Amino acid sequence: MKQRNVVRTIYLYLVTVVGIVTALVGLIGAITSVLNMYVFRLITSDSMQNELSTLLEFASAVAVGVPVWLYHWGIIQETRHRAPAPATPAPTVTSETVAVTATPQPEARRDLIRRLYIYLLSAIGLFIVMFNLIGVAPNVYRAFFMSTSPVPTPIKPDASGPASLTNTYAVQSLIRTIVAVVVGTPVWLYHWHLGQREHRDLLGD
């Protein structure tokens, strides 16, 4: 029975990780597509349908990932709050006690799985921020300072002049890196502070 509880805990945390990663990928892509199409108007009319299809894919990832994450995370939190506090009987040094202490208890395994989950998500958020911060400066250079091909994109009626095709792609890439940093930073900070707080509580106990 206790082994089944550990397997259930692994399942819950694994599905929660998949759900939040799916939601993050969809959120970054959806925000980027909306900014490119409707805010900065970097998408030409020829490629608008393809961009809308991509936006729907990202929005679907958010619509699927967020409920999966929230549902399983809610089960995890509810199970954790309902778990009874471990009893601390007076220690008696016997051979049975040594054998019991040598074997990891299910509660300790669940706490280990939880810490792995928290720090894994913290690492995912940090990696998103790091890798996209590395790309900000090169994308800024390519978008605004690098000499580009003289081939222009089609001029829109409300545009002031032709825009370079290379510049357009570089600006889209820059927007995506900034969005990824903005989305990844709260994920990293939330799980990092959560892990640090539970670590302090563990040391306090």
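**A walk through a predicted helical model**

Among the elements of this protein, helix α2 has the highest mean pLDDT, at 95, while helix α3, residues 95-102, has the lowest, at 48. These are confidence scores, for this is a predicted model. Across the protein the mean pLDDT is 84. Of its residues, 77% reach 70 or more.

Where does pLDDT stay under 50? One such stretch is residues 97-103. The model gives this stretch 3 contacts beyond four places in sequence. Residues 150-155 also have pLDDT below 50. Beyond near neighbours in sequence, that second stretch has 11 contacts in the model.

Now turn to the interior. The largest nonpolar core has 25 residues. Which of them touch the most other members? They are Tyr13, Leu24, Ile28 and Tyr117. Four elements give two or more residues to this core: α1 (2-39), α2 (48-82), α4 (106-144) and α5 (165-204). Helix α5 gives the most, with 8 residues. There is a general pattern to keep in mind here: in soluble globular proteins, nonpolar side chains tend to be buried together.

Take Ile28, one of those core residues. Set aside its neighbours within four places in sequence. Ile28 is then in contact with Ile128, Arg176, Val179, Ala180 and Val183.

Next, look at His191 in helix α5. Is His191 buried or exposed? Its relative accessible area is 3%. Buried means under 20%, so His191 counts as buried. What does His191 touch, not counting residues up to four places away in sequence? Its partners are Ile20, Tyr117, Ile118, Leu121 and Ser122. Tyr117 appears here again, having already been named among the core residues that touch the most other members.

Finally, consider the aromatic rings. How many aromatic pairs does a search of the whole structure find? It finds 4. One pair joins Tyr119 and Trp192. Their ring centres are 6.0 Å apart, and their planes meet at 70°. Planes over 60 degrees apart count as edge-to-face, so this pair is edge-to-face. The pair links distant parts of the chain. Tyr119 sits in helix α4 and Trp192 in helix α5, 73 residues apart.

How accessible are these two residues? Tyr119 has a relative accessible area of 29%, which makes it partly exposed. Trp192, at 36%, is partly exposed too. Elsewhere, Tyr13, Trp73 and Tyr117 form one aromatic cluster. Two of these names, Tyr13 and Tyr117, are also among the core residues with the most contacts to other members.

Definitions and conventions:
Residues numbered from 1 in each chain as written. Predicted model: local features only at pLDDT ≥ 70, side-chain atom pairs only at ≥ 80, totals over all residues. Heavy atoms only, no water. Core = buried A, V, L, I, M, F, W, Y, C linked by side-chain atoms within 4.5 Å. Buried < 20%, exposed > 50% of the residue type's maximum accessible area, 1.4 Å probe, protein only. Contact = heavy atoms within 4.5 Å. pLDDT = per-residue confidence, 0-100. Phe/Tyr/Trp six-rings, centres within 6.5 Å; stacked < 30°, edge-to-face > 60°.
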